[in-house]
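Please open the model in your viewer, with side chains available for display, and follow the stops below in order.

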Amino acid sequence: MTSTRSERIDDRLQQIDESRVFHGSVIFIIVLSALTVGAKTYELPELVEHVLPALDIGITLFFLVEILFRFAACPRKSRFLLNGWNLFDTLIVIGSLAPLDNADAVLVGRLLRVFRVLRLVSVVPQLRFLINALLKAIPRMGYIALLMFIIFYIYGAAGSIFFARIDPVLWGDISISMLTLFRIATFEDWTDVMYETMEVYPVSWLFY
């Protein structure tokens with residue numbers, strides 16, 4: 001009898017945890033948390049400045065209750081933190097509970113509260129899917145980064161050989177040349193760099 005009642009409670013908790021209303025409420029509070037963080041970067045009326053700390057405490061308590069509720073709704077509680085998203089949410093919530101007793105703690109506390117916005121990633125399934133896909137792609141992205149490094153290294157060496165005497169500040173050695181190439185790749189006044197070398201080597205535009 002007791003076992004059946006416990007199972008019913010667990011089933012009810014899981015239903016609430018998976019409901020759209022519950023997820024919608026969590027998303028709403030996360031967005032509200034993001035807005036309060038942004039609001040604190042402005043000069044606000046005195047009344048609003050008094051309301052925001054109380055609102056922040058309310059949001060923190062909501063997240064604490066929410067994570068405890070999700071733990072209670074988890075069918076296998078011993079494996080709750082083995083789920084990466086649950087661990088991420090728990091760490092964010094625990095970080096938000098840090099006391100703000102001095103100036104340094106206030107800065108750390110504000111930073112931790114900024115990270116609460118990241119919880120939106122764990123709550124929205126589509127965002128979780130994208131993050132999981134990116135994590136799976138990281139090993140292959142490493143090969144892309146290696147390929148880009150090889151290309152930059154070759155062009156950096158060539159640029160240093162041909163253009164070092166024109167502008168040692170930009171092409172003095174291979175490391176500086178690679179930094180210049182990064183500037184060119186991000187279109188940061190890259191035409192100025194090109195025109196400077198074209199004054200000596202008119203066909204150097206081919207290099208760029």
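## A buried salt bridge to begin with

Select Glu-66 and Arg-119, which form a salt bridge whose closest N and O atoms are 2.9 Å apart; a salt bridge is taken here as a side-chain nitrogen of Lys or Arg within 4 Å of a carboxyl oxygen of Asp or Glu. The pair links distant parts of the chain, since Glu-66 lies in helix 3 and Arg-119 in helix 6 (residues 119-123), 53 residues apart. Helices (H or I, at least four residues) and strands (E, at least two) are DSSP runs, numbered from the N terminus. Both Glu-66 and Arg-119 are buried, where buried means under 20% relative accessible area, exposed over 50%, and partly exposed in between (1.4 Å probe, protein chains only).

Before going further, note that this is a predicted model, in which local features need pLDDT of at least 70 and side-chain atom pairs count only at pLDDT 80 or more, while totals for chains, interfaces and linings use all residues. Residues are numbered from 1 along each chain as its sequence is written, and side-chain values use heavy atoms, with hydrogens and water left out.

## Extending the network

Keep Glu-66 selected and add Arg-70, with which Glu-66 forms another salt bridge, the closest N and O atoms being 3.2 Å apart. Because Glu-66 and Arg-70 are four residues apart in helix 3, about one helical turn separates them. Next add Asp-89, which is joined to Arg-70 by a salt bridge with the closest N and O atoms 2.8 Å apart; this pair also links distant parts of the chain, with Arg-70 in helix 3 and Asp-89 in helix 4, 19 residues apart. Arg-70 is buried, with a relative accessible area of 13%, and Asp-89 is buried as well, with a relative accessible area of 1%. With Glu-66, Arg-70, Asp-89 and Arg-119 displayed together, you have a network of linked salt bridges; the structure as a whole holds four salt bridges.

## Helix 3 and its partners

Now show helix 3 with helix 4 (residues 84-96), which pack at an angle of about 145 degrees with their axes 10 Å apart; the axes are lines fitted to C-alpha atoms, for helices over the stretch in contact, and angles run from 0 to 180 degrees between N-to-C directions. Their crossing is left-handed, a term used if the near helix is turned anticlockwise from the far one by less than a right angle. The contact (heavy atoms within 4.5 Å) is made by Thr-60, Phe-63, Leu-64, Ile-67 and Arg-70 of helix 3 and by Asn-86, Asp-89, Thr-90, Val-93 and Ser-96 of helix 4.

Replace helix 4 with helix 2 in the display: helix 2 and helix 3 pack at an angle of about 150 degrees, with their axes 10 Å apart, and here too the crossing is left-handed. Among the residues that meet are Val-26, Ile-29, Ile-30 and Ser-33 in helix 2 and Phe-62, Phe-63, Glu-66 and Arg-70 in helix 3.

## Two nonpolar cores

Which residues have the most contacts inside the largest nonpolar core? They are Val-26, Ile-30 and Phe-63, in a core of 14 residues, a nonpolar core being a set of buried Ala, Val, Leu, Ile, Met, Phe, Trp, Tyr and Cys residues joined through side-chain atoms within 4.5 Å. The elements giving two or more residues to this core are helix 2 (20-39) and helix 3 (46-73), and helix 3 supplies the largest share, five residues. Centre the view on Phe-63: leaving aside neighbours within four places in sequence, Phe-63 is in contact with Ile-29, Ile-30, Ser-33, Val-93, Arg-116 and Arg-119. A second, separate core of ten residues includes Leu-170, Trp-171, Leu-181 and Val-193.

## Loops to inspect

Move to Asp-167, in the loop between helix 7 (125-163) and helix 8 (168-171). Asp-167 is buried yet has no salt bridge, and the nearest side chain of opposite charge, Arg-183, is 7.1 Å away; Lys and Arg count as positive and Asp and Glu as negative, while His and the chain ends are not counted.

Finish in the loop between helix 9 (174-185) and helix 10 (190-198), where Phe-187 is found. Phe-187 has a positive phi of about 60 degrees although it is not a glycine, and at 64% relative accessibility it counts as exposed. Asp-189 lies in the loop between helix 9 and helix 10 and has a positive phi near 50 degrees; Asp-189 is partly exposed, with a relative accessible area of 42%.
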